[in-house]
Amino acid sequence: MRIELEKRAKASALFSILSPFIALALTILFGGVMFALLGKNPVTALYSFFVEPLSEVWSLHELAIKAAPLILIGVGLSVCFRSNNWNIGAEGQFIMGAIAGSALPVLFYDWQSPLLLPLMMLLGMIGGALFAAIPAFLKAHMNTNEILTSLMLVYVAQLFLDWLVRGPWRNPQGMNFPETRTFGADAVLPEMLASGRMHWGFAFAIVAAVLVWFMMRYTLKGFEITVLGQSERAGRFAGFSSRKMIWFSMLFSGALAGLAGISEVSGAMQQLRPVISPGYGFTAIIVAFLGRLNPLGIAAAGLVLALTYLGGEAAQLSIGVSDKVTRVFQGLLLFFVLSCDALIHYRVRLVWDRFAAVKTEEAH
Amino acid sequence: MGIVEAILFSVITAATPLVLAALGELVAERSGVLNLGVEGMMIMGAVCAFAATQLIGSPYAGILAGIAAGAVFSLLFGFLTLTLVANQVATGLALTLLGLGVSGMLGESFLGMQGIKLQPIAIPLLSKIPVVGPLLFRQDAIFYASVAILVGVHLFLFKSRAGLKLRAVGDSHSSAHALGVNVIRTRYLAVLFGGACAGLAGAQLSLVYTPQWVENMSAGRGWIALALVVFASWRPWRVVAGGYLFGAVSISQLHAQAFGIGIPSQFLTALPYIATIVVLILISHNRRMTLINTPASLGKPFVPDR
Amino acid sequence: MKKLLVALATTVAVLGIAPAASAQEKAKICFIYVGSKTDGGWTQAHDIGRQELEKELGDKIETQFLENVPEGPDAERAIERLARSGCGLIFTTSFGFMDATIKIAAKFPDVKFEHATGYKTAPNVATYNSRFYEGRYIQGQIAAKMSEKGVAGYIASFPIPEVVMGINAFVIGARAVNPDFKIKVVWANTWFDPGKEADAAKALIDQGVDIITQHTDTTAPMQVAAERGIKAFGQASDMIAAGPQTQLTAIVDTWGAYYVKRTKAFLDGTWSTSSSWDGLKDGILTMAPYTNMPDDVKAMAEETEAKIKSGELKPFTGPLNKQDGSPWLKEGETADDATLLGMNFYVEGVDDKLPQ
């Protein structure tokens, strides 16, 4: 038996909607078997993963908090990836954005003003963009591969943050523990609703997703991004510069990652600490592709992935599995979603008979 | 042993897993497949190597188990990306996630056990040469394997017909297909080789570097290996140079700290990453050379027309 | 999606296993871990404490935990989840959970919280910590006796007061025996990377130290010391298995006693907030057997341990100078707890520079 794919003439609209559900069904099936094999009640497990986090208001807020950075970074990255620029250092840009934006509340602690928050957000975007400018410059002008430079700079950003919060930016009243002061009231991104902790970072993420979707679909810039991404040559004939695109896409995704960083710090943490991200910049790469590089899809994918994190916690409590099991389950879900996407562009056929396959080949 | 030899010895141990995993990934990427799951395959190799060594009692059984684990795990990636043409970047990242989870589950019963270290094998005569002898010829089997793999990969890619075909697949899969090369099978084999090498690198971690099993013990080395392939602009010798450069800077910064030079340790710890970037800038000024060696079809899916 | 969820929810309801609050009367005692419960170091020590608690009071309580919880917003969510799921007493076992604990505690005034190694308390938040430095002082004394070269290597994780305090206590202990004793410090900038910890140990040994001590979590440095035939100290747990001929002793974190004590208070209704900082005498840390050393060194170590337990000896007692030679504590003066908890300077004899 083997599997054969046949390219569809047109992407299947039916399957582009249906494939995530097929993936979900497969995950539930295989995940259920896995939990049963581990001696856990599969129904409880699946309930914890997919339903429990959605069944309470506070938990929905938490879902939004977890999804916001993933969506914001993922949307920015989609522009990069579509234009064929491989920024995999969003984690570093997230951190540098957070640092740049936090400079105001940390260094000018007593300054309170309604201007403070917008300035912080702006600085966050600038910080992220400037950090992304390093790989952009090196790629555009020094011919240096951005995969390596952006990845290596992640470690540099992490260590820089570590040094800042243990050294110059350490809270003078904090018993010398490695964290900055807690931000003043005007420096905190407010909560959106009274019913939970969700802050405006989630609104930024949704707005960014819609705007980028609009840009990609209806503007010349979006066309330029797509054309240059598909073929540099074709882009050149259309009068587009791939060098300018390197700058644009890297700065753009860096700015969004930076905004995600400062929103997370200002909205959810209110201070800098040695580690401010559990790998959002990397997880967002998965989110970007799960969403098929479509900003609206990315918003959905970010929510789904956030759900599996929350669900994993719920499952740890309800059925007592370790968090390794929840990670395996997460991996399963990702695998099924990714492979079911094949259905959109291809007709999948199981070929049982070797000779039949040979015959069809001859017939062509 | 003098201090310089001692440092070099530590560098070799630290660089070997990077070099091994990077050489494997290099072959996969040369065939046009970008597998970001190196970290996941490596950690699977580490846990299976450790487990087999404990169960069977011989680290050589562990080596085989590590290679097999990496290879099997890479097949999962191959099935998704080559047969089902799933996105390579996302699948690779998901593979890393899965690997960290599965290895944690498998390894639970082996935590805290005392490892069996893979013993060095002295090569007669050669190991007697001063300085070089103890460094290069009194090493363990995995180090020798890394040298053999380096030479093998180089000869295969640039001196053999099969290697030429593999590079053709990576440069333009449609042309290679038109010429009658079986693109999918070539890529499967390349991915499998990459997985086996990553598994072997993992085995080095749990049998040589630190003979023990702890969760997440690869601690990001798979990512460094990925960066090294790019650093090397897809040339095997440069992978080795990059791996040893990275290892050397990492070890030297620890020595600088122990020596007490008074620079914040965060800056010293960042040095290997910065050094890699700087050296890459210096060696990538020649755009044409870089382009020639970059597999043009890297990361692009291929489905044969019927 | 919605339909599916509804269907699933109904199935769950029909089967009658919806995770609603159970009617059991057992009190729920919960834990938040920063690492994996099998990390062989910090978190595992807390989990062993949890298991002891279950063994001791299992008929009255049940325990639950969440592991690998990242610090920051994730911690807040995890703590809130526990508070909502009916936990009466929640131990948050990492310094980085401090602000999250305080925030959630304000929302759930009826739930009690215990935060490890922090300094912020509230009516329903207590803090607890262990005087690890007492063990490090003993180790310093042993090192000074056992080292031929008079130099020990110290593999440190991150420059936080806890670690700095440990380095200082070690040096003070060593210098009480050998006034010329020196240590070399390497910051690994990680709690947990066996490869890097091993490399750090190798670097230190290559630079001439003949005793290794670590404030990182894996047994890798112990393995390296064993290979190179020198002595070493274990960290967080008894690492004797990794170096049967190598380990001199180890500081073993034994949180169980504290967990039992506080849970009992909670069950009695006598729980109230406090900042407890227990030491060797309370059993919150214990010294692994003194091995691989001559009898006179062992006798000295045991004597020091006894003196610390009785309160006769306090490691941070003057005369002590700071690293630059300026006086810190006068003859007979002891450092107060606040200074120790925020310690950010070295004492004389440390060959390293702290980031300021």
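Colleague: How many residues do chain B and chain C each give to their contact?

Modeller: Two residues are in contact if their C-beta atoms, placed from the backbone, lie within 7 Å. By that rule, chain B gives 31 residues and chain C gives 30 residues. This is a predicted model, in which local features need pLDDT of at least 70 and side-chain atom pairs count only at pLDDT 80 or more, while totals for chains, interfaces and linings use all residues. Residues are numbered from 1 along each chain as its sequence is written, and chains are lettered from A and ligands numbered from 1 in the order in which they are written.

Colleague: Which elements give two or more residues to the side of chain B that touches chain C?

Modeller: Elements are DSSP runs numbered from the N terminus: helices (H or I, at least four residues) and strands (E, at least two). Here they are α1 (3-30), α9 (183-209), α11 and α12 of chain B. The largest share, 7 residues, comes from α11(B).

Colleague: How does that side of chain B divide by class?

Modeller: Ala, Val, Leu, Ile, Met, Phe, Trp, Tyr, Cys and Pro count as nonpolar, Asp, Glu, Lys and Arg as charged, and the others, Gly among them, as polar. The side of chain B that touches chain C has 16 nonpolar, 13 polar and 2 charged residues.

Colleague: What are the numbers where chain A meets chain B?

Modeller: There, 40 residues of chain A are in contact with 38 residues of chain B. On the chain A side, at least two residues each come from β1 (2-7), α5 (116-142), α6 (146-166), α11 (280-290) and α13 (323-340) of chain A. That side has 24 nonpolar, 9 polar and 7 charged residues.

Colleague: Back to chain B. At what angle do the axes of α11(B) and α12(B) cross?

Modeller: Axes are lines fitted to C-alpha atoms, for helices over the stretch in contact, and angles run from 0 to 180 degrees between N-to-C directions. The axes of α11 (residues 236-259) and α12 (residues 265-283) of chain B cross at roughly 160 degrees and come within 9 Å. The two helices are therefore roughly antiparallel to each other (under 35 degrees is roughly parallel, over 145 roughly antiparallel, 65 to 115 roughly perpendicular and the rest oblique). Residues in the contact include B:Leu245 and B:Phe246 of α11(B), and B:Leu268 and B:Pro272 of α12(B). By class, the contact has 9 nonpolar, 7 polar and no charged residues.

Colleague: Which domains does the assignment give for chain C?

Modeller: Domain bounds come from an automatic or database domain assignment. For chain C, the assignment gives domain 1 (26-130) and domain 2 (132-252 + 285-351). Their C-alpha centres lie 29 Å apart. The contact takes 9 residues from domain 1 of chain C and 11 residues from domain 2 of chain C. Helix α2 (residues 42-57) gives the largest share of the domain 1 side, 3 residues.

Colleague: And chain C as a whole: what is its radius of gyration?

Modeller: The radius of gyration is taken over C-alpha atoms, and the globule rule is 2.2 Å times the number of residues to the power 0.38. Chain C has 11 helices and 15 strands. Its radius of gyration is 22 Å, close to the 21 Å that the rule gives for 356 residues, so chain C is as compact as a globular protein of that length.

Colleague: Where is C:Pro319 placed?

Modeller: C:Pro319 is in the loop between α10 (295-310) and β13 (320-321) of chain C. A cis peptide bond joins C:Gly318 to C:Pro319, with omega about 5 degrees.
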